[in-house]
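This report describes selected features of one protein, from its surface to its helix packing and its charged pairs. Please keep the sequence and the structure in view while reading.

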Amino acid sequence: MPQTNKSRSASASGSCTGPDRGEEREEEREEAEPEPKVQVQEAGDGGGENTGDPEIIKSPSDPKQYRYIELTNGLRVLLISDFTGPASSGDDESEEEEELGEEEEEEEDSGEETEEESEEEEDDKDSDFEDDEDGGKRKKGHSEKQSAAALCVGIGSFSDPNDLPGLAHFLEHMVFMGSEKYPSENGFDAFLKKHGGSDNASTDCERTVFQFDVQRKKFREALDRWAQFFICPLMIRDAIDREVEAVDSEYQLAKPSDSHRKEMLFGSLAKPGHPMGKFCWGNAQTLKTEPRKKKINVYKRLRSFWKRHYSAHYMTLAVQSKEKLDTLEEWVKEIFSGVPNNAQPKPDFSELLDPFDTPAFNKLYRVVPVRKVHALTITWSLPPQEKHYRVKPLHYISWLIGHEGTGSILSILRRKCWAMALFGGNSETGFDQNSTYSIFSISITLTDQGFQNFYQVAHLVFQYLKMLQSLGPQQRIYEEIQKIEANEFHYQEQTDPIEYVEDICENMQLFPKEHFLTGDQLMFQYSPEVISAALSLLTPDRSNLLLLSPDHEGHCPLREKWFGTHYSIEDIQQEWRERWNGDFEHNSDLQLPVENKFIATDFSLKQSDCPDTELPVRVTANDRGCLWYKKDNKFNIPKAYIRFHLISPVIQQSAKNLVLFDLLVNILGHNLAEPAYEADVAQLDYKLSVGEHGLVIKVKGFNHKLPLLFHLILDHLADFSACQDVFNMFSEQLKKAYFNILIRPEKLGKDVRLLVLEHGRWSMVEKYQALADGGLTVEQLMEFSRTFKTQLYAEGLVQGNFTSQESIQFLQYVTDKLQFSKLPAEVSVLFRVVELPLKQHLCKVKALNKGDANSEVTVYYQVHTHTHTDAHGGALL
């Protein structure tokens, strides 16, 4: 799929943020409303009492008001007002807000995991491979009441001095060690914790971002405490060693990540002296051991770095709260006018172009990954593309490269059983895009057979690019993408304030005022010249090939300095180099996408046909299923959410059945990938999940074409089939995925914990052994599929812009299409655990990855439902 921009979840190769402190038939069209368009704030919004800036373009569905100001010290600020009226007494209470189509639930690991970077992508809504615990994520209902602020300093690791790698990241930590006005070393974190808030920070190549959120009633005080870190930070000398350890811990946590390892290896290919070759993370060696040897005063250098680079005229600030704009402006001017301005020019690296124009770039790099995965990444270094944000040429190209429909690269590779997934584009993070270059990369997760034929895989990519270059940019396709992006922006849902201000303060570094909210999302202008210029550079002789495989173990004598990645370098085979340098042939199987039939055109809101209720109500039930329904009368957007749980007793009968169920769900997803791809890019999201007792089907998006997608999924489930090659491919991938789960301490710990707590649970080790023994066949899978669909209970939920009668039709389609019988006995789907004896229990588990220095500790408390006085405790080490 195409790599999405940073404001949504990026989901492709090389998705990198800097070190962090802590993406068929068409039914008859009904009479449609006009095409969505963006709007500007009207001067009279808010009745003249909360007037926004009329030049800032915002979504018509965005109720917030915006005002841009610049302080006397040069600090640029965007004020964001959520004000809707006088605060009520419950304004700061943790009320749970209804979120359309979102719920927290724990489902099984299906094991499918095809993108080597997915360890950073676990919260991606499109992941078909792992359903993760929502541990670090606050429910939106809580954060809706929060106030938030984010500040972006326009410097990052590119500004690190050569003799102190990681100093920018280290400073990001040290500025939080108290201030002259609030000297307590951990006072700010304690204040936020006491008042329901949180904070974070991250260092990128040319930007450093700080953000926090807190209850509204404490926002002004929190702003004042936070601003002091940029006005007069103490940066306590005694805290240096402790914070070096914190930086080193982040480095150790990042070392097992294949995506981070790839980035460091890739950065090492830059020309000598270019900042891409710097070690941006920093660790104990670079910030403590080596400086002591060289008699470098790190504390003095820290203060000097802060004085030189943390200047108000490099900074952009975004604040969001339920205050009026005038109030926010008053607060910001009072609090942030003291941020110093050193009047020095901002560091500029834009002259350091073509960092990868070296003989070492256009070669084949074989790499040993941490995880068991075969992957080919093809990368080009292009001139900086940020100035073309109105056209977004790389987004247009990635849309075509990442397409999964008929005639696409991935469609052909899947038919050959050579690839599982393809991600292409530019993530718009500092690693992928900065003032010196822009990256365009294509990362393909390969099967064993695809790994053996990786040159042919690369050749297919180059053939597709040659076809795009020959045909030239297509206005029809550009306008289709443009329309999809405009629809999404028009009906965008409100996001967590802390995430929103983080994005906006970075946008303020990149775009003019009118495009602070739209610059990273909308495609404003079709320019075939700009697109052709970028496309013409994507040629074989300018590419870098990086091939990851565990089969390279023992054959890669070179070792990257900081992350210890083993790799080798070789020339591209002469046969292929000569072929690619010539006028190589077109591939007739490759073609451009056809018109997308899933793009919504009817955005009308349906009238309710039953009484409004606070919670979903059951509107129909029989011995084969039931349906719960709730009409959206709160958000009033033309979207809906559908969830069905197809419950079966056969899944938990054995570890073998669990593996067969994983295979069924993953191959069903594979069968759907091509026909459902157009729906996916038209903002109709779908997900197939492995539940403990059945298949969970979730679809959401614009309701106009949502039934088409739902029917498509049920049709493929009813007619499920798997050929031998696809079965073999997924069996091998599933085995690798189980292994990759087992080598991660947090996943292994969770599996062992649940194995202790749940009666009859099958462990991941048992599933791995059932698959590794080699006794499973495609005939067994087909028999399991038939057995699974014979007796079911279908429980559904429809919520959003459908009537109750329309919603009942979804359950009717499930029962009519699958033709299943009722269950012979009820299957309990309640979560039940073993009652632990009244004492502490300690379970120690030895990690399976010897190369991972990280440990995982889980403390589990069990409390009786009938009393709060008795508690059992367990610790898993």
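## A nonpolar patch on the surface

In this predicted model, V857, V859 and Y861 together form a nonpolar patch on the surface. The accessible area of the three residues comes to about 340 Å². V859 belongs to strand 23, which covers residues 858-863. The relative accessibility of V859 is 49%, so this residue counts as partly exposed; the category of exposed residues requires over 50%.

## The protein as a whole

The protein has 877 residues, and 60% of them are buried. Its secondary structure consists of 25 helices and 24 strands. The area that the protein exposes is about 35,700 Å², of which carbon and sulfur atoms supply 49%.

## Two pairs of packed helices

Two packed helices are described by the angle between their axes and the distance between the axes. Helix 4 (residues 219-231) and helix 9 (residues 325-336) have axes that come within 9 Å and cross at roughly 35°. Their crossing is right-handed. On the side of helix 4, the contact is made by F219, R220, L223, D224, W226, A227 and I231, and on the side of helix 9 by L328, W331, E334, I335 and F336.

A second pair consists of helix 18 (residues 655-673) and helix 21 (residues 724-742), whose axes come within 10 Å and cross at roughly 115°. The crossing of helix 18 and helix 21 is right-handed. Helix 18 contributes V659, D662, L663, N666, I667 and H670 to the meeting of the two helices, while helix 21 contributes V726, F727, M729, F730, S731, L734 and Y738.

## Salt bridges

How many salt bridges does a search of the whole structure find? The search finds 33. One of these joins R207 to E506, with the closest N and O atoms 3.3 Å apart. This pair links distant parts of the chain, since R207 and E506 are 299 residues apart. R207 is in the loop between strand 6 (198-203) and strand 7 (208-215), whereas E506 is in helix 15 (residues 497-510). Are the two partners buried or exposed? R207 has a relative accessibility of 9% and therefore counts as buried. E506 is also buried, because its relative accessible area is 10% and the limit for a buried residue is under 20%.

Another salt bridge connects R579 and E585, and here the closest N and O atoms are 2.8 Å apart. R579 has a relative accessible area of 32% and is partly exposed. E585 counts as partly exposed as well, with a relative accessibility of 36%.

The side chains of R786 and E783 meet in a salt bridge with an N to O distance of 3.1 Å. Both residues lie in helix 24 (residues 778-790), and the 3 residues that separate them along the chain correspond to about one turn of the helix. R786, at 45% relative accessibility, counts as partly exposed, and E783, at 42%, counts as partly exposed too. Elsewhere, R67, D326, E329 and K333 are joined into one network by salt bridges that share partners.

## Contacts between residues separated in sequence

D241 is found in helix 5 (residues 240-254). Its relative accessibility is 36%, so D241 counts as partly exposed. Which residues is D241 in contact with, leaving aside its neighbours within four places in sequence? They are K288 and R292. D241 and K288 are 47 residues apart along the chain, yet their C-alpha atoms are separated by 7.6 Å.

P345 is found in the loop between helix 9 and strand 9 (364-367). P345 has a relative accessible area of 64% and is therefore exposed, as the cut-off for exposed residues is over 50%. Apart from its neighbours within four places in sequence, P345 is in contact with R308 and Y314. The C-alpha atoms of P345 and S311 are separated by 9.9 Å, although the two residues are 34 residues apart along the chain.

Methods. Residues are numbered from 1 along each chain as its sequence is written. This is a predicted model: local features need pLDDT of at least 70, side-chain atom pairs count only at pLDDT 80 or more; totals for chains, interfaces and linings use all residues. Side-chain values use heavy atoms; hydrogens and water are left out. Helices (H or I, at least four residues) and strands (E, at least two) are DSSP runs, numbered from the N terminus. Buried means under 20% relative accessible area, exposed over 50%, partly exposed in between (1.4 Å probe, protein chains only). Accessible areas come from the Shrake-Rupley method with a 1.4 Å probe; for residues, only the protein chains shown count as cover. Patches are made of residues with over 30% relative accessible area and no salt bridge: like charges are joined within 9 Å, nonpolar side chains (Val, Leu, Ile, Met, Phe, Trp, Tyr) within 5 Å. A salt bridge is a side-chain nitrogen of Lys or Arg within 4 Å of a carboxyl oxygen of Asp or Glu. Axes are lines fitted to C-alpha atoms, for helices over the stretch in contact, and angles run from 0 to 180 degrees between N-to-C directions. A crossing is left-handed if the near helix is turned anticlockwise from the far one by less than a right angle, and right-handed if clockwise. Contact means heavy atoms within 4.5 Å.
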